[in-house]
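Student: Please show me the model first. Then I will ask how the terms used for it are justified.

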Amino acid sequence: MVTHPANMVMTIVPRAIASLANSERITNYLIHGTIEDCRLDIRQAQVGSGITETHKRAAVLLADVSIQSSHTSKPILKQLNCKVNKGSIVMCAGPVGSGKTTLARALLGEISPSSGVIYTSSKRIGVCAQEPWLPSGSIKEVICGGLQVDETWYEQVLLASELVKDLDTLSDGDGTEIRFPGLNLSGGQRQRVGITSMRWVFGMAFSC
C-alpha cells in the first residue's frame, strides 16, 4: 500500500519539473522577437562595393562585418573579411569566448551584424548544433546536481572535461551563477558544463 504511491511520486516529480522547463522554453520562444535575416544573395556582391572576389566559386563572403551586442560596448567581432569557397572544408578555432559561436549564428542569419554585409549563395544552410540545457544555479550546483560530492572526484571530473581553465577565467570560479539557459557562458563553456554534469552522473553510476 505504501510502495505504489511512493513510486508514483518518484515518477510524477521529474515529469512535473520537465513540464515546467518545457513551458518556460515555449514562453521564451513566444515572447522572443522576430529575427530579421540581413544576409544578402552573393550575386549582389559587386566589385564596386569593395569586394574584389567573384561569386562564382564562393559560398560565403563577409565584407567588413562587425557584430556587437546591445549589452556591451566592445564589439564581439570586428571588421571580418573572408571568403569560403563552395565544397571547401573550413575550421574555425580560437580561445574561449572569442566569438566562434557568434560567427556561426551570424552565418545562419540568427544574428544581424552591426556593420558590414554577409553574402551567402543560399539561405538554406544545414547545421548540426548541440545546445545543452543548463538550469539556473552555480556551476558547481549544476555539475553536482545539488548532491554532496567527494572533492577529489569533483576535481578529476573538472580536469577530464577541460573546465579548469574556464573556471580560472571566471571571477567567481565554480560559484558563478548560470542564468538560464546559460547565456552568460560561451557556447564552448556551456558544452563543457553539460558534459561535466553527465560525466558526474556516469561516474556515480559506475561507482555504484
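Student: What share of the contacts in the protein between residues at least 6 apart in sequence join residues at least 24 apart?
Tutor: Among contacts between residues at least 6 apart, 65% join residues at least 24 apart. A contact here means heavy atoms within 4.5 Å. This is a predicted model, where local features need pLDDT of at least 70 and side-chain atom pairs count only at pLDDT 80 or more, while totals for chains, interfaces and linings use all residues. Residues are numbered from 1 along each chain as its sequence is written, and side-chain values use heavy atoms, with hydrogens and water left out.

Student: How many helices and strands does the protein have, and what makes a stretch count as one?
Tutor: There are six helices and six strands. Both are DSSP runs numbered from the N terminus: helices are H or I runs of at least four residues, and strands are E runs of at least two. From the N terminus on, the order is α-β-β-β-α-β-β-α-α-α-β-α.

Student: Why is Thr120 called buried?
Tutor: Buried means under 20% relative accessible area, exposed means over 50%, and partly exposed lies in between (1.4 Å probe, protein chains only). Thr120 has 2%, a value under the cut-off, and is therefore buried. Thr120 belongs to strand S4. Leaving aside neighbours within four places in sequence, Thr120 is in contact with Arg39, Leu40, Asp41, Ile42, Ala59, Val60 and Leu107. Across the protein, buried residues make up 27% of the 208 residues.

Student: Is Gln79, in strand S3, buried or exposed?
Tutor: Gln79 has a relative accessible area of 55%; that is over 50%, so the term is exposed. Not counting residues up to four places away in sequence, Gln79 touches Asp64, Val65 and Ser66. Gln79 and Ser66 lie 13 residues apart in sequence, with 5.0 Å between their C-alpha atoms.

Student: Why does Asp64 get a third label, partly exposed?
Tutor: The relative accessible area of Asp64 is 44%, which falls between the two cut-offs, so neither of the other labels applies. Asp64 sits in strand S2. Asp64 is not a glycine, yet has a positive phi of about 50 degrees. Gln79 also has a positive phi, near 50 degrees.

Student: How do you know that the buried residues of helix H2 line one face?
Tutor: In H2 (residues 100-107), Thr102, Leu103 and Ala106 are buried. Seen down the axis, they fall within an arc of 100 degrees, so they line one face of the helix. The arc is that of the directions from the helix axis to the C-beta atoms. These residues pack against strands S2 (58-67), S3 (77-85) and S4 (115-120).

Student: What follows H2?
Tutor: Gly109 follows, with a positive phi near 85 degrees. Gly109 lies in the loop between H2 and S4. With 8% relative accessible area, Gly109 is under the cut-off and so counts as buried. Leaving aside neighbours within four places in sequence, Gly109 is in contact with Ile35, Glu36, Asp37 and Arg39.

Student: What makes an empty space a cavity, and how many of 30 Å³ or more are there?
Tutor: On a 1 Å grid over the protein atoms alone, a cavity is a set of points where a 1.4 Å probe fits but cannot get out; lining residues have an atom within 4 Å of a point. Grid points are joined across faces, edges and corners, and the volume is the space filled by probe spheres set on the points. The structure holds one cavity of 30 Å³ or more. The largest cavity has about 40 Å³ of space, and its lining includes Gly109, Ala106, Arg39 and Ile118.

Student: What makes a set of residues a nonpolar core, and which residues have the most contacts inside the largest one?
Tutor: The set consists of buried Ala, Val, Leu, Ile, Met, Phe, Trp, Tyr and Cys residues joined through side-chain atoms within 4.5 Å. The largest has 14 residues, and those with the most contacts inside it are Ile139, Ile143, Ile178 and Val193. Helices H3 (139-144) and H4 (151-160) are the elements that give two or more residues to this core. H3 supplies the largest share, four residues. Apart from this core lies another of nine residues, among them Val60, Val65, Leu103 and Ala106.

Technical notes. 1 Å grid on protein atoms, 1.4 Å probe; cavity = no way out; pocket = protein on both sides within 12 Å on 5 of 7 lines; lining within 4 Å.
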